[in-house]
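Here are some short exercises to work through with the structure open beside you. Try each task before reading its solution.

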Amino acid sequence: MAREKKGNPKKRTEGSATISSKNKEKREEGCNKFLQLPKALIVEILSRVLSIKTLLNCRCVCKEWLSLIFDPEFTRLHASRSPIGILIKTYPPIRKSRRLDFTHILDSAGSDLQLEKIRFSPKNSLPIGAMPEFRLINSCNGLLCFSGANRDYPCFVCNPILGEYITIPHTDNTRNRNSCFFVGLGFSSAMNEYKVLRMTNGTEAEVYTIGSGVWRSIGNAPGDIDQLPFNAFLHGALHWVSYSSKSPEFIHSFDFETEQFRPLPVPSLPVNQFSDCFLLEVIGGCLHLCVFGDDCSKFDMWVMKEYGVQKSWTKVLVFEKLYDCVEELCCDVYEPIMYLSNGEILMLYNNRAIVCYNGERKSFREIKITWTQAPFEAIAYSPSFVSLYNVSNGEDMKRY
């Protein structure tokens, strides 16, 4: 039997140090050559070609790359091109439900999707502390907004990619705290400010500008505001369906620049098609409204092709029950998540599976993005390098 030659430990250590030094020199040489390219070309390559996971690794290559990736110019450009992936939150036993899994779909040209995964947890990016459970509220420019499962916990805004977060304080008024409901996070591009909207005492609306430290009352909201869809931010406003309203004004919005509520025109639906089951989402930069039938096994999908214009609502698809689930359920619920580059649509099916719909073949196929056996949320999410340090204006920002 051949034995390993032990040799001199000191010589091995010296040899390893030499190899490590040579690798470092090669890395620095490659970094310097890359940085000799025009800055515009470097930013173009980093923002368009590389995946989020690769960009995270690039931050560790050298100080120059780290500085470039955190440059405001790169951050803005990358945010406009940030790849859309799927964020998954499972509902297993409490001790296992304190994490989020992000899956970036690298290529969808063929039948098999190329996936890249990142896990967010309390160990690296989620400021959930001792909370046994948390509720995702929404996302805006890659920032996540979430709160505890009950009203005793505050609201948080975080960037899980950078491991940064801000705690949004409760109001000093205990009565308002017990009756408050966090609605969502938004952005005013004119003022370059991020704001959180919440409701207190049922209909009173309040706004918190990150960096100000105070909640401001802005009057009453029209109708009820139920839990918003995760992807509800578009053109500087949040959008939702108000189930207490009847046609023709059941879609409402809140503009973060003007801090005003306003209704949006709805599709011209047949009288008998109005139901209690609507799903409003922002997909591909447009508002999409899904109108479900009585048994949820059929629904029509409408898209507002020109924002705010009633006549631009177009029925793009009619879905029938085409995907067979193993379980016997009283109804089937399909929730569109995102379009793939090949034109197919990813959907969440009964909170149990992710399926891909092919409009030409009018057929579904299951996509194994998660292997959990428990129910889960699956939502579209675009990560970014927006730093809360630049957003907070001196407010207490923490990093992991």
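The exercises below concern a predicted model.

**Exercise 1. Find where Ile369 is located, and decide whether Ile369 is buried or exposed.**

Solution. Start with the backbone: Ile369 is found in the loop between strand S23 (363-367) and strand S24 (376-381). Next, check accessibility. The relative accessibility of Ile369 is 2%, and buried means under 20%, so Ile369 counts as buried. Then look at the surroundings. Beyond the neighbours within four places in sequence, Ile369 is in contact with Ile86, Ile88, Thr103, Leu115, Lys117, Leu346 and Ile354. Take one of these, Ile88: it lies 281 residues from Ile369 in sequence, yet their C-alpha atoms are 9.2 Å apart.

**Exercise 2. Work out which strands stand at the edges of the sheet S20-S21-S22-S23.**

Solution. Write down the order first: four strands, S20-S21-S22-S23, form an open sheet with antiparallel pairing. Now count partners. S20 (334-339) and S23 have a single partner strand each, so they stand at the edges, with one side of each lacking a neighbour in the sheet. Neighbouring strands are turned by 35 degrees against each other on average, direction ignored. For a closer look, S21 (residues 345-349) and S22 (residues 353-358) pair over five bridges; Tyr349 has Ala353 in S22 as its bridge partner.

**Exercise 3. Explain why Cys158 forms no disulfide.**

Solution. Recall that a disulfide is a covalent bond between the sulfur atoms of two cysteines. The closest cysteine sulfur to that of Cys158 belongs to Cys145, 9.2 Å away, which is too far for a bond. A search of the whole structure finds zero disulfides. Finally, Cys158 counts as buried, at 0% relative accessibility.

Definitions and conventions. Residues are numbered from 1 along each chain as its sequence is written. This is a predicted model: local features need pLDDT of at least 70, side-chain atom pairs count only at pLDDT 80 or more; totals for chains, interfaces and linings use all residues. Side-chain values use heavy atoms; hydrogens and water are left out. Helices (H or I, at least four residues) and strands (E, at least two) are DSSP runs, numbered from the N terminus. Buried means under 20% relative accessible area, exposed over 50%, partly exposed in between (1.4 Å probe, protein chains only). Contact means heavy atoms within 4.5 Å. Two strands pair if DSSP finds at least two bridges between them. Axes are lines fitted to C-alpha atoms, for helices over the stretch in contact, and angles run from 0 to 180 degrees between N-to-C directions. A disulfide is a pair of cysteine sulfur atoms within 2.5 Å.
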